[in-house]
Amino acid sequence: MTPPEIRSGDVLHLSRTASVQFIRPITVRVIRVLADWHTYDGWVWIDAYQLNAVGDAVRRRTLFLMPAGARRPAPQSDRAPTRTVPAPPARRGGATVSRRGMAVPRDARPGRGRASRSAGTP
């Protein structure tokens with residue numbers, strides 16, 4: 001059985017099965033595989049970002065590991081779904097849209113138009 005190929009963008013969970021240096025397991029996102037670096041058969045050098053528990057990159061590392069021991073974590077479905085916000089209605093004919101989504105004629109808005117001006121104000 002051939003080990004899975006590692007590519008840029010892969011997220012890997014590395015533990016002692018990947019290399020003895022990973023006493024504490026880490027999760028990384030691969031930047032690139034350093035194919036021109038000489039290694040033992042079945043081992044690779046990679047440039048990667050070490051990820052924290054949230055999935056943010058916290059450190060850049062160059063690592064030596066066996067791809068056969070690297071595990072790809074399952075996609076997490078417990079993240080909150082992104083909420084879509086409806087687009088506001090288009091403005092038409094000088095009307096303003098109220099907070100409830102209803103069109104309000106220009107003359108009905110307080111502080112504007114002829115009806116709100118006092119007789120002594122120019």
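**Group meeting: a chain of strands and its core**

Of the 122 residues in this protein chain, 22% count as buried. Keep in mind that this is a predicted model.

Let's start with the overall layout. The chain has six strands and zero helices. Read from the N terminus, the order is β-β-β-β-β-β. About 10,100 Å² of the chain is exposed, and carbon and sulfur atoms supply 53% of that. Now take the contacts between residues at least 6 apart in sequence. Of these, 39% join residues at least 24 apart.

Next, the inside. In soluble globular proteins, nonpolar side chains tend to be buried together. Here, the largest nonpolar core has 14 residues. Which of them touch the most other members? They are Leu14, Ile46, Leu63 and Leu65. Which elements give two or more residues to this core? Four strands do: E1 (11-14), E2 (26-33), E3 (44-51) and E4 (57-65).

Let's follow Leu14. Set aside its neighbours within four places in sequence. Leu14 then contacts Phe22, Pro25, Ile26, Val28, Leu63, Leu65 and Ala70. So two of the core residues just named, Leu63 and Leu65, are on that list.

Pro25 is on the list too. Where is Pro25 found? It is in the loop between E1 and E2. Pro25 and Leu14 are eleven residues apart in sequence, yet 5.5 Å apart in space, C-alpha to C-alpha. Beyond its neighbours within four places, Pro25 contacts His13, Leu14 and Ser15.

Is Pro25 buried, exposed or partly exposed? Its relative accessibility is 48%, so Pro25 counts as partly exposed. The cut-offs are under 20% for buried and over 50% for exposed.

Notes
Residues are numbered from 1 along each chain as its sequence is written. This is a predicted model: local features need pLDDT of at least 70, side-chain atom pairs count only at pLDDT 80 or more; totals for chains, interfaces and linings use all residues. Side-chain values use heavy atoms; hydrogens and water are left out. A nonpolar core is a set of buried Ala, Val, Leu, Ile, Met, Phe, Trp, Tyr and Cys residues joined through side-chain atoms within 4.5 Å. Buried means under 20% relative accessible area, exposed over 50%, partly exposed in between (1.4 Å probe, protein chains only). Contact means heavy atoms within 4.5 Å. Accessible areas come from the Shrake-Rupley method with a 1.4 Å probe; for residues, only the protein chains shown count as cover.
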